[in-house]
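Here are some notes on the model, for use alongside the coordinates. They deal with how protein and DNA meet.

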There are 2 protein chains.
Amino acid sequence: MTSIDDVAREVGMSTATVSRALRGLPRVSQDTRDRVIEAARRLGYVPSPHAASLASGRTGTVAIVVPFVTRWFFAMVVDGAEQVLRAQGFDVLLYNLAGDVDTRHRVLQTHVLTKRVDAILVLGLSPTAAEVDWLTGQACPVVILGAEVPQWPSVRIDDGDVSRTAMGHLIGLGHRRIAYVGSLVDEGLDFATPRARRRAYREIVAEHGLDDDIALETDGHFTLDGGCEAGHALLDLPERPTAVFCASDEMAIGVLRASRERGVRVPEDWSVIGIDDHEMAPYFDLTTMRQPVSEQGAVAGRHILRCLGVATIEEPEHVVLRTELVVRGTTAEAARPPQPTRG
Amino acid sequence: MTSIDDVAREVGMSTATVSRALRGLPRVSQDTRDRVIEAARRLGYVPSPHAASLASGRTGTVAIVVPFVTRWFFAMVVDGAEQVLRAQGFDVLLYNLAGDVDTRHRVLQTHVLTKRVDAILVLGLSPTAAEVDWLTGQACPVVILGAEVPQWPSVRIDDGDVSRTAMGHLIGLGHRRIAYVGSLVDEGLDFATPRARRRAYREIVAEHGLDDDIALETDGHFTLDGGCEAGHALLDLPERPTAVFCASDEMAIGVLRASRERGVRVPEDWSVIGIDDHEMAPYFDLTTMRQPVSEQGAVAGRHILRCLGVATIEEPEHVVLRTELVVRGTTAEAARPPQPTRG
DNA sequence: CTGAAAGCGCTTACAG
DNA sequence: CTGAAAGCGCTTACAG
């Protein structure tokens, strides 16, 4: 491996000069710079990032902590953030928790990350107060996506608002018995989103005096198959709901499948609405709440750049992106309650 | 930041001893080890990975080069590989090309990666001979997924075989006019898979004397919307195919949508088959060729561990995983050619 | 079992 | 504009 010393020797200069020339720093004569660059190219010299990190204290690397890379939403967000970061020359270390609580603790509670990267982007998780204190003392900026912590820049949508609009759409169509498919148990990962959406659902049920039945709240685990199972469970209910509000499109698609498997027509027999506007949503003609996904990743990436002083970006510390109701074919007016057979 | 020297001072030992004690190396007395570990914990000491890399020459990091993280297949593969690697304590640097050719060159043709990581995992791309030579000389192991290069360990499925089985299924159902939806232009990324599948399609068309019409080969860009457009293009043909062989499930799902939009019934009016067994495939009742996805990532991860001497794993250098025809509802016997109106 | 010392390959004030 | 020197925080033979 050719080192900076080899290049310095080649051009008869000090390593300091070579270092400055190669990094484009000022106070190097054009002639020297040219010769250094040429020699570096000829020798096939590539700087060692680890040596540079050690000497400078900067790593040029950002960690992205993601609960599940395989979920469409997170993959899109990672993509959005990664491109913003890569464009400024940062590398991305991926910490995929894959739903594992131990990994979460290892990543968020030890300082491992803070010595390895310049900044940390946390997706979907809600750090505990202890974790926040811990990390805040580390001079390693943290940006959070999908939740809000006062101390750190964040980007998210308003989950309460989203739920209100979705539920409002169903209520406006005359539905009074609306089921919820979300996530009921947290499994220690501290997801912010499912909690917020479920709370909003409950509030709205109470505010509007809708059917308040604990059996209407089901767990779809934020997966396709989980949604399908939840759908079946709802169809097994003695008194079926006339609409289903799903906290993600993937679960909504699962509910659509359950409906088909049971011969239940959508939207004639019941309405289904999701959240995300997943790339598959139009393929199922699914009514949903659209949220900007890749864009949230990009905002998070810019937050990081700003914290690192790389770019002067004018953006509020806490960004809340807009969502939008997209009405397609899976929601319709509530069927009239069955009339007595003869008047 | 507390350093190894702080810990050494705390226990009144040399940094060498602290280093050995903390890394679990032999030739440290149990008592010393205990005291070192205790002191490290008390001081909140975390080793600097960059300093360790510089001194040892090992980085504890593996690069994963992926064409598109947002595509289901690649997200699953990254997940599979990442978990195997993480279990052995490796970090993962994600190089998401996001379809960008320049990034591909930067990553594969400069040595940037070879000084930064212990090994490289390349997904889906087919390195050029020059890139192979270049990287092979670097003593940085490379593992490849979805293609095969003699010099490097690899894992893939047999794309020719997959295409043969899929086409054989359609031919067995009496189809003689079969369209292909894949990727016709490469855009410089050098994808191995689309090329292999298309070649196989052509060979089979020739071998079986099927309708050989250049208009039957369409470009679906390996995306949902691309598949949908390709489907429309095929439906615009004066003489429609009776079956469509799609090189991915996502494109097949696009074709299903086009069919619905045009009132074309599947499988009555034409059959559709894909490749992958995407998580959404059962939700569309899509007939497809199943391939192990996460498992390919895991095998690739194990290849890397073996190259790095971390684990003694008995596995061939070139692993070819099995695929399987999954017959669902989108394929059926070819409709009889329309009979003259009266006999 | 433990320590002193060199070295990994850069960057960064500090001088000039 | 350029250089000498210290230092970043570890690991690794080499001794003992």
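1. Class make-up at strand C. In this predicted model, the surface near DNA strand C consists of 14 nonpolar, 10 polar and 6 charged residues.

2. Closest residues at strand C. Around DNA strand C there are 30 residues, and those that come nearest are A:Ile4, A:Ser19, A:Arg58, B:Thr17 and B:Thr32. Both chains are thus named in that list.

3. Which part of strand C faces the protein. Counting the atoms of DNA strand C within 4 Å of the protein, 69% are sugar or phosphate atoms, and the rest are base atoms.

4. Backbone contacts to strand C. A polar backbone atom of A:Ile4, one of the nearest residues, is 2.7 Å from a phosphate oxygen of DNA strand C. On chain B, a backbone N or O atom of B:Ser14 is 3.0 Å from a phosphate oxygen of this strand. A base is also contacted: a polar backbone atom of A:Ala51 lies 3.3 Å from a base nitrogen of DNA strand C. Two or more residues of the surface near DNA strand C are given by each of helix H2 (15-22) and helix H4 (49-56) in chain A, and by each of helix H2 (15-22) and helix H4 (49-56) in chain B.

5. Main contributor at strand C. With 5 residues, H4(A) gives the most to the surface near DNA strand C.

6. Closest residues at strand D. DNA strand D is surrounded by 30 residues, of which A:Thr17, A:Thr32, B:Ile4, B:Ser19 and B:Arg58 are the closest. Of the atoms of DNA strand D that come within 4 Å of the protein, 69% belong to sugar and phosphate.

7. Side-chain contacts to strand D. Three phosphate contacts can be checked here. An N or O atom in the side chain of B:Arg58 is 2.5 Å from a phosphate oxygen of DNA strand D. For the side chain of A:Thr17, the distance from an N or O atom to a phosphate oxygen of the strand is 2.8 Å. For the side chain of B:Arg23, the corresponding value is 3.1 Å. The elements giving two or more residues to the surface near DNA strand D are H2 and H4 of chain A and H2 and H4 of chain B.

8. Main contributor and classes at strand D. H4(B) provides the largest share of the surface near DNA strand D, namely 5 residues. By class, that surface has 14 nonpolar, 10 polar and 6 charged residues.

Notes: Residues numbered from 1 in each chain as written. Chains lettered and ligands numbered in written order. Predicted model: local features only at pLDDT ≥ 70, side-chain atom pairs only at ≥ 80, totals over all residues. Heavy atoms only, no water. Near = heavy atom within 4 Å. Polar contact = N/O pair within 3.5 Å; in protein donor to acceptor, adjacent residues only side chain to side chain. Helix = DSSP H or I, 4+ residues; strand = E, 2+ residues; numbered from the N terminus. Nonpolar A, V, L, I, M, F, W, Y, C, P; charged D, E, K, R; others polar.
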